[in-house]
Amino acid sequence: MTIQHQVSDELLLDYATGVLSEGWRIAIATHLALCPQSRRRLALMEMAGGALVSDLAPQSSLPDEDRSWKALKQRLESAKAQGETPPSSRNPESALSIVLPEPLRSYVGGDVDSVKWRPLGRGAYHLPIAVEDKSTRVRLLRIPAGKPVPEHGHRGRELTLVLSGSFYDGDALFARGDLEEADEALQHQPVATEGEDCICLAVTDAPLKFRSWLVRAVQPILGI
Amino acid sequence: MEAFEQIFRAYAPRVRAFMLQRVRDPQVSEELMQETMVTIWRKAAQFDAAKGSPSAWIFTIARNLRIDSYRRSRQPDFDPNDPAFVPEAEPAADDAVETQDEEQRLHIALTGLPPEQHDLLKLAFFEEVSHSEIAERLGLPLGTVKSRIRLAFSKLRAALGDRP
């Protein structure tokens, strides 16, 4: 199955160069787990990174390269014989039923059946996901079939990754593995498809928190 | 060990140069290069030359170590051994010669990119700046930076016969 809405080149490049912070990375990495085409694009970017490195002017060690090699050789000899752990084998039976791929599943602490959903009102639920990265807000959303995504004003960037069910945004259908990238310029109103609840991962810039009630009160007006 | 010495002689000066781009300090760069080489040595058995380009693999190891050296926050990644991981429908060409050929074609295409696209990729890979920081730094509209990135990679993909 081909994923229709893949991560954009600019965001994938940020992933490849390692600049994306934890919250955004969870969304992109989970999308990559579901989308072989995006992984192929990532592999090509990493190949480009490798080619750029090989084009760099070689920087030799001071005082000389031999000393650097000897130092390394010593380290290798003392570090030798560290057995590699074999990759864990796949369990094909459970593969179809798992809704949350890694790395998301570890963040949630299990698959969707273990999620303790919190009501958002109007039949929608969410689960905030704890991350070290304070610049983003990460959560799972469960939108009832046929209903719009609630409380949907957003500033800055928003990534939405569909994990089960699907939603329409205008004419575009987003299903499992599809990633929607939105910024403040995009006015959108995702609506879950009839027949099945839609579970997705939503990552947004964390809203700025102000202590003063006055600033908080005018925050929506000022749009900050 | 002799074979590894060849790898060291070929890659160490470039890995060191890559580290220097960001950390500036020669001693720290030397240490990070050594770490990279130790990791390559340890993981060599996991590397499959038929499935991936060696310079891309070495780049990812060097990149991860460089990031770890100054960033504490977690870097979550996908796990190919996860049962929920969706594998490729048709396995990639299982051929080291083909991979080497891909690497060469990509390199030629990369060299042939217009300077403004090539410079932008260098900035992204070497200085670790996001595309929005690149826009700020170069005083360009965000849309211009995005379209340069997209143009650059669609050319590189076309050179490998991928969907642009």
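In which strand of chain A does A:Leu179 lie? A:Leu179 lies in strand β7, which covers residues 179–182 of chain A. The legends below describe a predicted model.

**View 1. Surroundings of A:Leu179 in strand β7 of chain A.** A:Leu179 has a relative accessibility of 4% and therefore counts as buried, the cut-off being under 20%. Beyond its neighbours within four places in sequence, A:Leu179 is in contact with A:His5, A:Val7, A:Ile28 and A:His31, and also with A:Leu159, A:Thr160, A:Leu161 and A:Phe174. One of these partners, A:His31, is 148 residues away from A:Leu179 along the chain. The C-alpha atoms of A:Leu179 and A:His31 are nevertheless separated by 6.9 Å.

**View 2. Packing of helices α1 and α2 of chain A.** Helix α1 spans residues 9–17 and helix α2 spans residues 22–34. Their axes are 11 Å apart and meet at an angle of about 100°. Because angles of 65 to 115 degrees count as roughly perpendicular, α1(A) is roughly perpendicular to α2(A). On the α1(A) side, the contact is made by A:Leu11, A:Leu12 and A:Tyr15. On the α2(A) side, A:Arg25, A:Ile28, A:Ala29 and A:Leu32 take part. By class, the residues of this contact are six nonpolar, one charged and no polar. A:Ile28 also appears in View 1, among the contacts of A:Leu179.

**View 3. The cis peptide bond before A:Pro103.** The peptide bond that runs from A:Glu102 to A:Pro103 is cis. Its omega is near 5°. A:Pro103 is located in the loop between α5 (92–95) and α6 (104–108) of chain A.

**View 4. Chain A as a setting for the first three views.** Chain A contains seven helices and nine strands. It has 224 residues, of which 51% count as buried. Among its contacts with a separation of 6 or more, 65% are between residues 24 or more positions apart. The accessible surface of chain A is about 11,300 Å², with 53% belonging to carbon and sulfur atoms.

**View 5. B:Arg24 in a loop of chain B.** B:Arg24 sits in the loop between α1 (2–23) and α2 (26–43) of chain B. Its phi is near 70°, which is a positive value in a residue other than glycine. The relative accessibility of B:Arg24 is 55%, over the 50% cut-off, so B:Arg24 counts as exposed.

**View 6. B:Glu128 in a loop of chain B.** The loop between α5 (115–127) and α6 (131–138) of chain B holds B:Glu128. This residue is not a glycine, although its phi is positive, at about 55°. Is B:Glu128 buried or exposed? With a relative accessible area of 5%, under the 20% cut-off, B:Glu128 is buried.

**View 7. Chain B as a setting for Views 5 and 6.** Chain B has seven helices and zero strands. Along the sequence, its pattern reads α-α-α-α-α-α-α. Of the 164 residues in chain B, 42% are buried. Contacts between residues at least 24 apart make up 61% of those in chain B that join residues at least 6 apart in sequence. Chain B exposes about 8,400 Å², and 52% of this area is supplied by carbon and sulfur atoms.

Key: Residues are numbered from 1 along each chain as its sequence is written. Chains are lettered from A and ligands numbered from 1 in the order in which they are written. This is a predicted model: local features need pLDDT of at least 70, side-chain atom pairs count only at pLDDT 80 or more; totals for chains, interfaces and linings use all residues. Side-chain values use heavy atoms; hydrogens and water are left out. Helices (H or I, at least four residues) and strands (E, at least two) are DSSP runs, numbered from the N terminus. Buried means under 20% relative accessible area, exposed over 50%, partly exposed in between (1.4 Å probe, protein chains only). Contact means heavy atoms within 4.5 Å. Accessible areas come from the Shrake-Rupley method with a 1.4 Å probe; for residues, only the protein chains shown count as cover. Axes are lines fitted to C-alpha atoms, for helices over the stretch in contact, and angles run from 0 to 180 degrees between N-to-C directions. Angles under 35 degrees count as roughly parallel, over 145 as roughly antiparallel, 65 to 115 as roughly perpendicular and the rest as oblique. Ala, Val, Leu, Ile, Met, Phe, Trp, Tyr, Cys and Pro count as nonpolar, Asp, Glu, Lys and Arg as charged, and the others, Gly among them, as polar.
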